Structure formats: C-alpha cells, structure tokens
Amino acid sequence: MKVILASPEEPKPGPSAKSTVVLMLVAIVLLGGFVLAVPYVPSVIKAGSDIFSQLASSVSKTNQTISTQVTDHSYSPLIQNGSANIQFPPEFTTLESYALKLINSDRGNNSAGEVSLSGNQAGQQHADSMLRYGYFSHYDTQGFKPYMRYSLLGGTGADAENVAFIFDPSAHYTTSSAESAIMALEFAMMNNDSACCNNGHRLNILNPLHNRVSIGVAYDTNHIYFDEEFENDYANLTYSISSSNVVTLGGVPINSQVTDRVNSIYIAYDSTPAAETVDQLNNGPHEYGPGTLVGGVLPPCNPIVNDCASFATGTTVYATTWTLNATRLDIAFPLQDFVKVHGSGVYTVYLITGQDTNSAITSICFFLA
C-alpha cells in the first residue's frame, strides 16, 4: 500500500487504474490567506500499531493514478437549489459515532475540547460525490470548494475540511473494516503529518475554536472516502441579501464569549464555479484557500467626521448596523462596493474574531450572477 500526503504551505496573513493500493490524504486549514498543498512521499503501511511508521525516502512515486469505479450511474449527489440527494452507507450512525469518538479522543488528549456532531450534511455529500464520480479532491464536479458546499447546504458557521481516501483491491469493506480504515486515516492525520504537511491535518483536527463536525463516509467493495468538515458555529444565524446587494445577518449567539470577539468582517472573492471533469479533479490542484481577500467590513464610522480604521488592501466598507451582545447579533452592510470592483462570482463573508480566517465564525457564501 502506498501513501501520498499533501503538504500545506505556510499561510499568508490577511485583514488509470492499477491494482496498487493507493491511499491519499489532503487537509486544509483556513489560516488567513491561501493554503497550498503539494504531493509528498509515499509510505509503506504495515499492520499493527506502527501502521504508518515506515516513510519512504523517495519522492519518485508521488504521482499516482487514483483507481476508482462508478457503481451507480443513476445516482446524482449534485447540489441543486440548496439540497442534495445524500446517501448513507449501512450503519452510518455507527461509523459516524466511531469517527466522532476518535476525533474527540485526539482533541481531549491535546486539551482542545470536544466537538459535537453537526446537522449539516456537507461531509456526507462530498464523500458521496467522490465515490460516485471517482475522484479525490477538495473541489467537486460542480467546481465548488468545501465552504461553498457547506454554505449551500445551510451552514452558517465557518467550515474547514479534511478528506481522506483508500483504494484496496483486496478489501471487502463492511462496517467493522470501514471502522479500521477510519482509524488508520485519523491516526495518520494526527501522528504522521509533520514531514509532509507541516501538521496541517493535525492542526485542523485540534483547532480549539472548532465546536462541531460533519462526518462523511462513503464506500463500496474496494474504496472508502472519509470526510471531516470542522465547524466554528457560535450563533443561530439567518442571513439575506437584497436586490441592491445589501447583506443582513441576524441571530442569537450560542456562546457570547466568542461572538463578543468579532472585530471585523473579511470579504473573499471566487470566480463563478465552473464544472470540472474527473480527470481535472484527480490531476489537481487539490488545494484550496478561503478565496481572494478583497477587503472587508468594519463597524459603523463616518470617515468625514472621524479618523476611521481601514483595511490596508482592498475595499473598506462600514456597516450600517452593528449590534453584538449576549442576546443578539445584527449586522448589515452593502456588498455592492465589492461587486462594483470584482463583478459576478462568489463572495464569502467571514466574521473574524482574531486576525485571520482561521478565527472566523462564518463562511457564508453569496453566489452573484
């Protein structure tokens, strides 16, 4: 069995099938600006407690073909009109609970605090999609990034994805063997991540701001896909955008100690997603970032009267409404100033509690034609 890991680059700050067994891991943590990843060394997996201990020194086999098969040509997991036809494997709740137990064990052993299961189904939708169409990537056949899928499926927190994949021609996956595969993947992301990935997988699992996780597991006889969608979800939010592109956010804080730290909003831009083929997805790039940061929103201020703060780059907009207290969150601001500069595309709203998108408690996407 060969292993390929993906290596995240230090983030920038911001206001054909062989019978070889192939396992691939990719992790992304939204830390400020862009996070990039490149294939790294293969590894030999052995049975027992040292399952990932033998790292090969050669990098000559990093470009592996992903061997997959489409088993149900009639099934489509595509996201349409805010929903998707999501399929769950047999005894999914058992696998979900098992994965959650592993994640919380790792977090507990590192004083990160437990996460609870999310009601959002972005993790399972993406696992279904990868199995159905035979690709492995953070992107999907619709050209969506993880936070786009999360937002389209009703998520209002902030999303950061880990995905993992195994192809084993000798396997016959059942609930118990799927559990073993999930355990191996979680162990690899936690304990064998530094050489390849600057501990990107591990940092995502242990981010103390994460409080929820959406888990996806999809498998057939020889393939298993594992998806972890970690969330920073600290307010029961609703949102809307008017015909003149005024964004309104409203809701009740779940944890006001976190929401009270919101100091600004980052606005990121992505061009309108375009469909991608399976070959394009498998050939990469597999990395993703939070979009291009194009400025942001600050609390109300009159720059004519006051010495107002502003973003060093991009467009600065001042909110027309900015209420944050223990019982209410209400923010309104014009998105049109950004649209005038960048045009149609996807605009992602990050409520920031620190200094980068890793501290965001939203990743709400607006798809503007």
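This passage describes a helix, a loop residue and a group of paired strands in a predicted model.

Helix α4 covers residues 175–191. At 1.5 Å a residue, its 17 residues should span 24 Å. The end C-alpha atoms are 24 Å apart, so the expected span and the model agree. Many positions in α4 are buried. They are Thr-175, Ala-178, Glu-179, Ala-181, Ile-182, Ala-184, Leu-185, Glu-186, Ala-188, Met-189 and Met-190. An α-helix has 3.6 residues a turn, so residues three or four places apart point the same way. Among the buried positions are Ala-178, Ile-182 and Leu-185.

Gln-87 lies outside the helices and strands, in the loop between β8 (83–84) and α1 (92–108). Its relative accessible area is 36%. Gln-87 therefore counts as partly exposed, because that class falls between the 20% limit for buried and the 50% limit for exposed. Pro-77 is 10 residues from Gln-87 along the chain. The C-alpha atoms of the two residues are separated by 8.0 Å.

Strand β11 spans residues 212–219. Seven of its eight residues are buried, so β11 is largely enclosed by the rest of the structure. Two strands pair with β11. Strand β9 (residues 116–117) runs parallel to β11, with two bridges. In this pairing, Leu-117 of β9 has Val-213 of β11 as its bridge partner. Strand β12 (residues 223–232) pairs with β11 in the antiparallel sense, over eight bridges. Here Ala-218 stands opposite Tyr-225 of β12. A hairpin of three residues joins β11 to β12.

Conventions:
Residues numbered from 1 in each chain as written. Predicted model: local features only at pLDDT ≥ 70, side-chain atom pairs only at ≥ 80, totals over all residues. Heavy atoms only, no water. Helix = DSSP H or I, 4+ residues; strand = E, 2+ residues; numbered from the N terminus. Expected span 1.5 Å × (residues − 1). Buried < 20%, exposed > 50% of the residue type's maximum accessible area, 1.4 Å probe, protein only. Pairing = 2+ DSSP bridges.
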